[in-house]
Amino acid sequence: MAAASAVRLIVDGNLGRLARWLRALGCDAAIHEGRADRHMLRRAFLENRIAVTKSRSLAARPFRGRLILITADRWDEQLAEAAAALELSFDDRAILGRCLDCNETLSEVKKIAVEGLVPAYIFETQAAFRSCGRCGRIFWAGSHAEKMLRVMRSRIPSRLP
Ligand SMILES: [Zn+2]
């Protein structure tokens, strides 16, 4: 089993939704914009990332690194495929680790610093907040962790505690 926070991926631009889900789980999931081609494989090799693609022709190329071919069309099935291939284990602490949009690692921010920046009921009910140094978006546990974890559990029960 691989801890999600230790997994480095480069995801085919056609699989953007899958990439966001993998980020939500704590994976470092860069998106390769543009065609899934040899440039993507080169970047995967140079950056020591596992390539995740839907392109059968790309998967057929010789590649010194690791590549995972996704065959499903639905994002939830894609997620199950990727989680199974990566033997991902889920760590609740890694869940809020990355910005869904930028893939940046989130930093903890003091509660008082987000007053007025998040909806009032969120401010009142949540204790911990994190922010993305790149886009400035603020995340809290309820913003994706719980909902996503619930979906994950329903999709791939065998992979979750
Ligand atoms: Zn961001």
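Let's start with helix α1. Seven of its nine residues are buried, so α1 is largely enclosed by the rest of the structure. The buried ones are Leu18, Ala19, Arg20, Trp21, Leu22, Arg23 and Ala24. Note that two arginines, Arg20 and Arg23, are in that list. Keep in mind that this is a predicted model.

What does α1 give to the largest nonpolar core? Five residues, the most of any element. That core has 32 residues. Those with the most contacts inside it are Leu9, Val11, Leu18, Leu22, Leu25, Val52 and Ala82. Besides α1, at least two core residues each come from β2, residues 8-12, from α2, residues 38-46, from β4, residues 50-53, and from α4, residues 75-86. As a general point, nonpolar side chains tend to be buried together in soluble globular proteins.

Take Leu22 as one example. Setting aside neighbours within four places in sequence, Leu22 is in contact with Leu9, Cys27, Ala29 and Ala82. Two of the names there, Leu9 and Ala82, are also among the residues with the most contacts inside the core. After α1 comes Gly26, with a positive phi near 110°.

Now the chain as a whole. There are seven helices and nine strands. Of the 161 residues, 30% count as buried. Take the contacts with a separation of 6 or more: residues 24 or more positions apart account for 50% of them.

How confident is the predictor? The mean pLDDT is 86, and 84% of residues reach 70 or more. The weak spot I want to flag is residues 157-161, where pLDDT is below 50. Beyond near neighbours in sequence, that stretch has five contacts in the model. Where pLDDT is low, the predicted coordinates should not be read in detail.

Next, the strands β7, β8 and β9. Strand β7 spans residues 106-109. It is joined to β8 by four bridges, and the two run antiparallel. Strand β8 is also joined to β9, residues 138-140, by three bridges, again antiparallel. Ser131 has Ile138 as its bridge partner in β9. β8 and β9 form a hairpin with five residues between them. In the turn, Gly136 has a positive phi of about 80°.

Look at Arg130. It lies in β8, residues 129-132. Is Arg130 buried or exposed? Buried, because 20 other C-beta atoms lie within 10 Å, and 20 is the cut-off for that class. Arg130 is the bridge partner of Glu108. Leaving aside neighbours within four places, Arg130 is in contact with Leu96, Leu106, Ser107, Glu108, Val109 and Phe139. Then there is Gly97, 33 residues away along the chain, with 8.6 Å between the two C-alpha atoms.

Last, two backbone points to check. Most residues other than glycine have a negative phi. Glu87 has a positive one, near 50°. Asn103 has one too, near 70°. Where are they? Glu87 is in the loop between α4 and β6, residues 88-89. Asn103 is in the loop between α5, residues 92-95, and β7. Their surroundings are as follows. Glu87 is exposed, with 10 other C-beta atoms within 10 Å. Asn103 is buried, with 20.

To recap: α1 is largely enclosed, and it gives the most to the largest nonpolar core. Arg130 sits buried in β8. Treat residues 157-161 with care, given a pLDDT below 50.

Notes. Residues are numbered from 1 along each chain as its sequence is written. A nonpolar core is a set of buried Ala, Val, Leu, Ile, Met, Phe, Trp, Tyr and Cys residues joined through C-beta atoms within 7 Å. A residue is buried if 20 or more other C-beta atoms lie within 10 Å of its own, exposed if 12 or fewer, and partly exposed in between; C-beta atoms are placed from the backbone. Two residues are in contact if their C-beta atoms, placed from the backbone, lie within 7 Å. pLDDT is the predictor's confidence in each residue, from 0 to 100. Two strands pair if DSSP finds at least two bridges between them.
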